[in-house]
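Visitor: I'd like to know how the labels people put on a model actually get earned. Can you walk me through a few?
Guide: Sure, let's have a look.

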Amino acid sequence: LVKNIQSTDFVCQYQAHCFALCMCCDFFACDCRMQCPEGCSCFHDSTWSSNIIQCSLRGHQDVPPLIPMDATSIRLDGNNFTGILESQAFIGRKRVRSLFLNNSQIAAINNQTFNGLTELLTLNLQDNLMQRLEGYEFGNLTSLRELYLERNQLVYIHDKTFSALVSLEVLHLHDNLLAAYPAWSLSNKLLPSLNTLTLSGNPWS
């Protein structure tokens, strides 16, 4: 029903926008200047509390540069990232709440890839090519509630991989290649908020 739709669900497309009180609008690298990255579409609600950067299925091989600092949702799913997801790719985007990197040919994550995403709530990494998580990938994501890693090629997860995720509620690990990961180590002490854990479809020993 229309009456149940939130005001933040009504969005308008934009290419560039600079707020009235912004003092650096004439400069390209300006935190309060909203410039939609090349090869993406961008949308905002009436109060700019929702700022969606839509770069899905665009053939990107790297994270587009100069994603707006006020972005709240970044969609990069269905792209062709090759190898390791670059370091500091999202630095300064502290308002991002959801990040979609699923189905994008990602083989590994740098130890500083997600630096700066202090308010991130949902991270979608499913349907990629990752084989190992070495323990440093999610170190700064203390607000993260949902992490989707299903349908990768994971054979190894370090014991410390999820240790910083104190707010994590949902963790999907199904349909990987895990044979000996000690899932019981994800106890209430390590992940006190965890209420959903999926492990099916792995070749457990």
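Guide: Start with the hairpin of E4 and E5: six residues lie between the strands, and Trp48 takes a positive phi near 65° there. Bear in mind that this is a predicted model.

Visitor: How do you know that E4 and E5 are paired, and in which sense?
Guide: Pairing takes at least two bridges. E4 and strand E5 (residues 51-54) have four, so they pass, and the sense is antiparallel. One of the partnerships joins Phe43 to Ile52 in E5.

Visitor: What makes E1 and E4 a pair?
Guide: Same test, at least two bridges. Strand E1 (residues 12-14) and strand E4 (residues 41-44) share three bridges, so they count as paired, again in the antiparallel sense. Across from Tyr14 you'll find Cys42 in E4.

Visitor: On to the rings. How many aromatic pairs are there?
Guide: The count comes to four. Take Phe90 and Phe114: their centres are 6.4 Å apart and their planes are at 15°.

Visitor: Why is the pair of Phe90 and Phe114 called stacked?
Guide: Centres must lie within 6.5 Å, and planes under 30 degrees apart count as stacked. With 6.4 Å and 15°, Phe90 and Phe114 meet both conditions, so the label holds. The two sit 24 residues apart, Phe90 in the loop between E7 and E8, Phe114 in the loop between E9 and E10.

Visitor: Why are Phe90 and Phe114 called buried?
Guide: The cut-off is under 20% relative accessible area. Phe90 has 1% and Phe114 has 2%, so both are buried.

Visitor: What makes Phe114 and Phe138 a stacked pair?
Guide: Here it's 6.3 Å centre to centre and 15° between the planes. That is within 6.5 Å and under 30 degrees, so this pair is stacked too. Phe138 belongs to the loop between E11 and E12, 24 residues from Phe114.

Visitor: Which residues do the ring pairs link into a cluster?
Guide: Phe90, Phe114, Phe138 and Phe162. Of the 46 residues in the largest nonpolar core, Phe114, Phe138 and Phe162 touch the most other members. Beyond four places in sequence, Phe162 is in contact with residues including Phe138, Leu147, Ile157 and Tyr181.

Visitor: How do you know that Arg75 lies over the face of Phe100?
Guide: One condition is a distance within 6 Å of the ring centre. Arg75 is at 3.9 Å from the ring centre of Phe100, so that condition is met, and Arg75 does lie over the face.

Methods
Residues numbered from 1 in each chain as written. Predicted model: local features only at pLDDT ≥ 70, side-chain atom pairs only at ≥ 80, totals over all residues. Heavy atoms only, no water. Core = buried A, V, L, I, M, F, W, Y, C linked by side-chain atoms within 4.5 Å. Buried < 20%, exposed > 50% of the residue type's maximum accessible area, 1.4 Å probe, protein only. Contact = heavy atoms within 4.5 Å. Phe/Tyr/Trp six-rings, centres within 6.5 Å; stacked < 30°, edge-to-face > 60°. Lys NZ or Arg CZ within 6 Å of the ring centre and 35° of its normal.
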